[in-house]
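Me: I have a structure to go through and would like some help reading it. Can we take it in pieces?

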Amino acid sequence: MIAVQVESLRKSYQVGEGVLNALAGVSFKIHKGEVVAVVGESGSGKSTLLHILGTLDSPTSGKILIDGKNPFEKKDKSVSTFRNLHIGFVFQHNNLLPEFNALENTMMPGLIAGFSEKKVREKAKVLLDKVGLAKRESHFPSQLSGGEQQRVAIARSLINDPILLLADEPSGNLDSKNASHIHALFKEINLSLKSTVLVVTHNKEFAASLPRRISLRDGLILSDEQSS
Ligand SMILES: Nc1ncnc2c1ncn2[C@@H]1O[C@H](COP(=O)(O)OP(=O)(O)OP(=O)(O)O)[C@@H](O)[C@H]1O
């Protein structure tokens, strides 16, 4: 079963007199339950790819299918509904809401999607337990360490059982011990929840430890390697 299909994806920007191709024609497929690292030098197009897959940005041409559906064929409002329901995000900066505690932050996308508060609360508790923060659910972001904040962001990203979990440098702001914990957590989530995960990382060790690596250069796929 294919979770993600990317076909001839291009993203171009007009810069001064010229055109910059952030993505210059990228195609690949990801099967359900795969965990894939996206690697490449700065400026190679990794974040652009992730943002388009997350429907935060639209392509200049080409298409993406997520679970067989093209999110950009929907009207604006339903693109954001699609995003909230089907795509989980973890960014380098966790974007937790400072005035809400860990449990409330985790619940937020579920409440926005209109699921019952009771169910969302129960699920958020299970997810916080899964990321090792059962004892921290009443803590506000300012009362959590950087690694703990990022673990709340991971729990939050999973609240609506996303088809696709996208992570952009999720350990970029963390020291090596916390980063290892976050890396292990992604692998654990992939195994236990069968989530399809695409993670942009500069961390060579983490990328090498994942079963597949898509490497970008100048907006093109340089290599797409699978560990045997
Ligand atoms: N809004 C924009 N206007 C013009 N050029 C842009 C814009 N956004 C991105 N770019 C360019 O597109 C290219 C790809 O950028 P992107 O952010 O996808 O790279 P990246 O691989 O994620 O880099 P990094 O590892 O530094 O985050 C870069 O050359 C960047 O300068």
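What follows is a chat about the ligand shell, the sheets and two helix pairs.

Me: What should I know about the model and its numbering before we start?
Reply: This is a predicted model, where local features need pLDDT of at least 70, side-chain atom pairs count only at pLDDT 80 or more, and totals for chains, interfaces and linings use all residues. Residues are numbered from 1 along each chain as its sequence is written.

Me: OK, which residues are around the ligand?
Reply: Tyr13, Val15, Leu20, Ala22, Gly40, Ser42, Gly43, Ser44, Gly45, Lys46, Ser47 and Thr48. A residue is counted as near the ligand if its C-beta atom, placed from the backbone, lies within 6 Å of it.

Me: Which elements each supply at least two residues of that shell?
Reply: Strand S1 (2-15), strand S2 (18-31) and helix H1 (46-53) do. H1 gives the most, with 3 residues. Helices (H or I, at least four residues) and strands (E, at least two) are DSSP runs, numbered from the N terminus.

Me: And the shell around the ligand by class?
Reply: It has 4 nonpolar, 7 polar and 1 charged residues. Here Ala, Val, Leu, Ile, Met, Phe, Trp, Tyr, Cys and Pro count as nonpolar, Asp, Glu, Lys and Arg as charged, and the others, Gly among them, as polar.

Me: Back to S1 and S2. How many bridges join S1 to S2?
Reply: 11 bridges, and the two strands run antiparallel. Lys11 stands opposite Leu23 in S2. Two strands pair if DSSP finds at least two bridges between them.

Me: What is the order of the open sheet of 3 strands?
Reply: The order is S2-S1-S4, with antiparallel pairing. S2 and strand S4 (61-66) are the edge strands, each pairing on one side only. The twist averages 15° from one strand to the next.

Me: What about the open sheet of 6 strands, what is its order?
Reply: S5-S6-S7-S3-S8-S9, and the pairing is mixed. The edges are strand S5 (87-90) and S9, each of which pairs on one side only. Neighbouring strands of this sheet are turned by 20° against each other on average, direction ignored.

Me: Then the S8 and S9 end. How many residues lie between them in the hairpin?
Reply: 2 residues, and Asp218 in the turn has a positive phi of about 50°. Strand S8 (residues 212-217) pairs with strand S9 (residues 220-226) in the antiparallel sense over 6 bridges. Arg217 stands opposite Leu220, and the bridge partner of Arg212 is Gln226.

Me: New topic, helices. How are two packed helices described?
Reply: By the angle between their axes and the distance between the axes. Axes are lines fitted to C-alpha atoms, for helices over the stretch in contact, and angles run from 0 to 180 degrees between N-to-C directions.

Me: At what angle do H3 and H4 cross?
Reply: Helix H3 (residues 102-112) and helix H4 (residues 117-130) cross at roughly 130°, and their axes come within 9 Å. They are therefore oblique to each other: angles under 35 degrees count as roughly parallel, over 145 as roughly antiparallel, 65 to 115 as roughly perpendicular and the rest as oblique.

Me: And at what angle do H5 and H6 pack?
Reply: About 15°, with the axes of helix H5 (residues 146-157) and helix H6 (residues 176-193) 9 Å apart. H5 and H6 are therefore roughly parallel to each other. Gly146, Gly147, Gln150, Arg151 and Ile154 of H5 meet Asn178, His181, Ile182 and Leu185 of H6, where contact requires C-beta atoms, placed from the backbone, within 7 Å. By class, this contact has 3 nonpolar, 5 polar and 1 charged residues.

Conventions: Contact = placed C-beta atoms within 7 Å.
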